[in-house]
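Biologist: Thanks for sitting down with me. Could we walk through this one together, a question at a time?

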Amino acid sequence: MTKLATFASGSRRGLYINKRRSRKKSLKPFLFIVVLLLIAAAIFAGRGKIAGYFEGIKKDEFAFSFNSPQNWNEYSEICEINKKFAVGIRYPLINDATNKAIENDSKQIVDELKSEIKQFKTGKGENRTVYTADFSVVPSGESFVSVVYSIHRVSPLREIDDIQYRTRIYNTATGESLTGEDIFNENFAVAVSHNVTEFFGKNPQYAPETYTPLFIDNTKPKVENFRNFSFSGNNLLIHFGAGEIFPSDMGAVIAQVPISEVFSDMKINVTGFTPPKYDVNSPMVALTFDDGPYAPSTSRILDALEKVGGRATFFVLGARVGAEAETIKRGDQLGCEYGNHTWNHANLSKLSQDMILQEINSTNDAIKQITGKDSLLLRAPYAEIGSVASSIAGKPFIGWSIDTEDWMKKDSQAIIDSVLTEIADGDIVLMHDLYPSTAVAAETIIAQLSQRGFQLVTVSELMAAKGKTLVPGKVHYHAK
Ligand code: ZN
């Protein structure tokens, strides 16, 4: 937060220095001429010719010192320079579909700024009003971009010298410029008002200022209070110019709101964000099934999961994947996760580096061919990893905290008991979907756990929900 606020004022200072420097250099010859003209004017013709001073400097671009973002090379500019003011906007060129809308929006912004400038008294000499709008572009989702204009305003005599914002969201496939009303429903302002207040309330520098009428009025749940917003990763950024919600000398500020906080209010998902299918505040466990797929058993397990809206992680053998493509497709559609259990149930601790990679990569390829996704997790057969596989695997190994010993027991009730008697939030359960006795047990386990309020999630979901970081080559046993 502090960083963002500092960024705004830092860029302001940069502009200011550039402007003065370039002016100083280019003005020297003019000053000399002006002095001569003044003398001539005083002696021969009065003061009339001093107007020429403005004509002289208006083409030296003294007014503008644009900063362009490093991620964007293509741009255009609209600049208007006259005696009273100078307004310049540099805007990005994105593609043929979008450029017309961007140009129109840029013209509209320039018009808005010009009408704002009319409120200022005309300054003398270089003390005219100068507005310089720089852009930044952040792509989001599949075909959207956020364009943020940082407008450096300098009024006559520098009574105002600050940063303001204008933002635009474009659909680069259609060229459409999207407003807040296009993207969000009416609850948006309520959610953002709450989150912006919370965001600044957590920051010691800004917290005391959140009780002022300025802040309270301008963060009320009204759409017009949050008209400048952009998307960046999994965050919605709300931009406030200097003086909008805090005193002007505190500069421009940007509030960060997690997309998850406003996702339910979005009519169009412009972010690529997918909300988690679990509630982090309720208990959850990950059921895992090794050595499959085997349609007669696996399908029964998928049926049971589907009934309760649950998911599981299947550590499959690459050699079985091709023949079980339909089973895997269905599991993938239900949100199940496919982990890598090697191609042929290999003992990784006894293999050469090349053979380890062969076992892992061929299995990953087979899974990816069906799901289109990389398999992110490994489970070593016999729980034998060895130092070589540990160092070259490049992915985390997943162990378990409850072992049903189903492959040995082949007794559904015993398997059910081994899970239901000790399961707790964060557990990872080991089973094998090769056996009918396991499928029968899983049907009861899945229904019972769901009834007890456990969410049935994948291992990746479990780890993400519990804030556990998965480390390549290391074994992770649970998320308790
Ligand atoms: Zn196995």
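Modeller: Gladly, and please keep in mind that this is a predicted model. Let us begin with helix H3, whose buried residues include Thr98, Ala101, Ile102, Asp105, Ile109, Leu113 and Glu116.

Biologist: Which strands do the buried residues of H3 pack against?

Modeller: The buried set of H3 also holds Asn99, Ser106, Val110 and Ile117. In a helix, residues three or four places apart point the same way, because there are 3.6 residues a turn. The partners of these buried residues of H3 are strands S1, S2 (85-92), S3 (129-140), S4 (144-154), S5 (161-171) and S6 (176-178).

Biologist: What distance separates the end C-alpha atoms of H3?

Modeller: Helix H3 runs over residues 96-117, which is 22 residues. At 1.5 Å a residue, the expected span is 32 Å, and the model agrees with it: the end C-alpha atoms are separated by 32 Å.

Biologist: Which residue of strand S1 is in a salt bridge with Lys114 of H3?

Modeller: Lys114 is partly exposed, at 22% relative accessibility. Its partner is partly exposed as well, with a relative accessible area of 29%. The two are 34 residues apart along the chain, and the N to O distance is 2.9 Å; the partner is Glu80.

Biologist: Which residues are linked with Glu116 in a network of salt bridges?

Modeller: Glu116 is among the buried residues of H3. Two further residues, both buried, meet in a salt bridge of 2.9 Å, N to O. The network links Glu116 with Arg153 and Asp162.

Biologist: How many salt bridges does a search of the whole structure find?

Modeller: Another example is Asp332 with Lys373, whose closest N and O atoms are 2.6 Å apart. Asp332 lies in helix H10 and Lys373 in the loop between H11 and H12, so this pair ties together parts 41 residues apart in sequence. Asp332 is buried at 18% relative accessible area, whereas Lys373 is partly exposed at 44%. The search of the whole structure gives a total of 18.

Biologist: Which side chain of opposite charge is nearest to Glu244?

Modeller: Glu244 sits in the loop between strands S8 (235-240) and S9 (253-258). This residue is buried yet has no salt bridge. A salt bridge needs a nitrogen within 4 Å of a carboxyl oxygen, and the nearest side chain of opposite charge is 4.3 Å away. Among the residues that Glu244 touches are Gln164, Leu214 and Asn218, and the nearest opposite charge is on Arg227.

Biologist: How far is Lys267 from Asp265?

Modeller: Asp265 lies in the loop between helix H7 (259-262) and S10, and it touches residues including Ile183, Phe184, Asn185 and Phe188. Asp265 is buried without a salt bridge. Lys267 is the nearest side chain of opposite charge, at a distance of 11 Å.

Biologist: Which residues coordinate the zinc ion?

Modeller: The donors follow the spacing D-x49-H-x3-H along the chain. The Asp is in the loop between strand S10 (284-290) and helix H8 (295-308), and one His is in the loop between strand S12 (337-340) and helix H11 (353-371). Asp291 is buried at 11% relative accessible area, and His341 is buried at 2%. At 2.1 Å, the coordinating residues are Asp291 through OD, with His341 and His345 through NE2.

Biologist: Which peptide bond is cis?

Modeller: Most peptide bonds are trans. The cis one here has omega near 0 degrees, and it leads into Pro293, which lies in the loop between S10 and H8. The bond runs from Gly292 to Pro293.

Biologist: What is the phi of Thr342?

Modeller: Most residues other than glycine have a negative phi. Thr342, in the loop between S12 and H11, is buried with a relative accessible area of 2%. Although Thr342 is not a glycine, its phi is positive, at about 75 degrees.

Biologist: How many disulfides does a search of the whole structure find?

Modeller: Cys79 is partly exposed, with a relative accessible area of 38%, while Cys336 is buried at 6%. A disulfide would need two cysteine sulfur atoms within 2.5 Å. The number found in the whole structure is zero.

Technical notes. Residues are numbered from 1 along each chain as its sequence is written. This is a predicted model: local features need pLDDT of at least 70, side-chain atom pairs count only at pLDDT 80 or more; totals for chains, interfaces and linings use all residues. Side-chain values use heavy atoms; hydrogens and water are left out. Donors are N, O and S atoms within 2.8 Å of the metal (3.2 Å for Na, K and Ca); water is not among the atoms, so sites may look incomplete. Helices (H or I, at least four residues) and strands (E, at least two) are DSSP runs, numbered from the N terminus. Buried means under 20% relative accessible area, exposed over 50%, partly exposed in between (1.4 Å probe, protein chains only). Lys and Arg count as positive and Asp and Glu as negative; His and the chain ends are not counted. Contact means heavy atoms within 4.5 Å. The expected span of a helix is 1.5 Å times one less than its number of residues.
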